[in-house]
Amino acid sequence: MKKKNKKSNSKDIRAFSEKLKRILEDLQHKRDFEIRGQLRIGVVTNLDALAIIKGNRIYVNFNARRYPRPVLQYILSHEIAHIISKHHRRKFWEIVARINPDYQDGREKLLSIQATSSKNL
Ligand SMILES: [Zn+2]
């Protein structure tokens with residue numbers, strides 16, 4: 001395992017966080033969905049899941065930093081949809097599609113990454 005010093009790690013975390021913010025802004029500008037309050041992004045290294053949402057704050061696992069953009073778009077739209085719908089039912093996927101009409105592409109890419117990755121995140 002490669003060891004990284006703390007400084008470069010925090011720089012990478014900030015860069016990833018900025019990237020996610022831009023993707024989130026893109027999703028919000030292009031699509032007509034409204035969320036009360038402002039959505040915030042947090043990048044975390046100590047998360048078992050790929051991403052979670054608490055209130056209006058989306059936490060994304062630092063391990064996702066090299067995922068292609070469509071995957072990150074899917075992850076964010078998935079978490080945003082959880083604000084409205086808790087469970088992965090039909091209504092939930094309709095909301096994801098409204099936020100991000102191309103989500104299937106990102107979802108498939110993510111599933112294939114997870115299938116080939118040893119770490120099941
Ligand atoms: Zn979910």
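This is a guided tour of a predicted model, going from the whole chain to its sheet, its core and its helix contacts.

**Stop 1: the whole chain**

Start with a cartoon view of everything. You should find four helices and three strands. Colour from the N terminus on, and the elements appear in the order α-β-β-β-α-α-α. The chain has 121 residues, and 22% of them are buried. If you like contact maps, open one alongside: among the contacts with a separation of 6 or more, 51% link residues 24 or more positions apart.

**Stop 2: the sheet**

Now select residues 40–44 for β1, then residues 51–54 for β2 and residues 57–61 for β3. Together the three strands form an open sheet with the order β1-β3-β2 and mixed pairing. The edges are β1 and β2, each of which pairs on one side only. Neighbouring strands are turned by 25 degrees against each other on average, if direction is ignored.

Take the β1 side of the sheet next. Here β1 and β3 run parallel and are joined by five bridges. Show three residues of β1 with their opposite numbers in β3: Ile41 stands opposite Ile58, Gly42 stands opposite Tyr59, and Val43 has Val60 as its bridge partner.

While β1 is selected, turn on its side chains and look along the strand. Which residues point to one face and are buried? They are Ile41 and Val43, whereas Arg40, Gly42 and Val44 point to the other face and are not buried.

**Stop 3: the hairpin**

Move across to the other side of β3. Strands β2 and β3 run antiparallel, with four bridges between them. Ile52 is bridged to Tyr59 of β3, so you can keep Tyr59 selected: Gly42 of β1 stands opposite this residue too. Another pair to show is Lys54 with its partner Arg57 in β3. Two residues lie between the strands of this hairpin, and Gly55 has a positive phi near 60 degrees.

**Stop 4: helix α2 on the sheet**

Add residues 69–84, which make up helix α2. After the β1 and β3 pairing, joined by five bridges, this is the next layer to look at: α2 packs on the sheet and touches β2 and β3, its direction making about 30 degrees with that of β2.

Select Ile75 and ask for its contacts. Leaving out residues up to four places away in sequence, Ile75 touches Leu50, Ala51, Val60 and Ala64. Val60 is also the bridge partner of Val43, from Stop 2.

**Stop 5: the largest nonpolar core**

Which members of the largest nonpolar core touch the most other members? Select Leu20, Ile58, Val60, Val71, Leu72, Ile75 and Leu76 to see them; the core has 20 residues in total. At least two residues come from each of α1 (6–30), β1, β3, α2, α3 (90–99) and α4. Helix α2 gives the largest share, with seven residues.

From here, go to Leu24 in helix α1. Leu24 has 20 C-beta neighbours inside 10 Å and therefore counts as buried. Apart from neighbours within four places in sequence, its contacts are Leu39, Ile41 and Leu76. Draw a distance from Leu24 to Leu72 as well: the C-alpha atoms are 9.4 Å apart, with 48 residues of sequence separation.

**Stop 6: where α2 meets α4**

Keep α2 and add residues 103–116, helix α4. The two axes come within 8 Å and cross at roughly 105 degrees, so α2 and α4 are roughly perpendicular to each other. To see the contact, select Pro70, Val71, Gln73, Tyr74 and Ser77 on α2, and Tyr103, Asp105, Gly106, Arg107, Lys109, Leu110 and Ile113 on α4. Colour these by class and you get six nonpolar, three polar and three charged residues.

**Stop 7: the loop before α4**

Finish at Asp102, in the loop between α3 and α4. Is Asp102 buried or exposed? Asp102 counts as exposed, because 12 C-beta neighbours lie inside 10 Å. One last distance ties this stop to α2: Asp102 and Gln73 are 29 residues apart along the chain, and 8.9 Å separates their C-alpha atoms. You have already selected Gln73, as part of the contact with α4.

Note on methods. Residues numbered from 1 in each chain as written. Predicted model: local features only at pLDDT ≥ 70, side-chain atom pairs only at ≥ 80, totals over all residues. Pairing = 2+ DSSP bridges. Axes fitted to C-alpha atoms, helices over the stretch in contact; angles between N-to-C directions. Parallel < 35°, antiparallel > 145°, perpendicular 65-115°, else oblique. Contact = placed C-beta atoms within 7 Å. Nonpolar A, V, L, I, M, F, W, Y, C, P; charged D, E, K, R; others polar. Core = buried A, V, L, I, M, F, W, Y, C linked by C-beta atoms within 7 Å.
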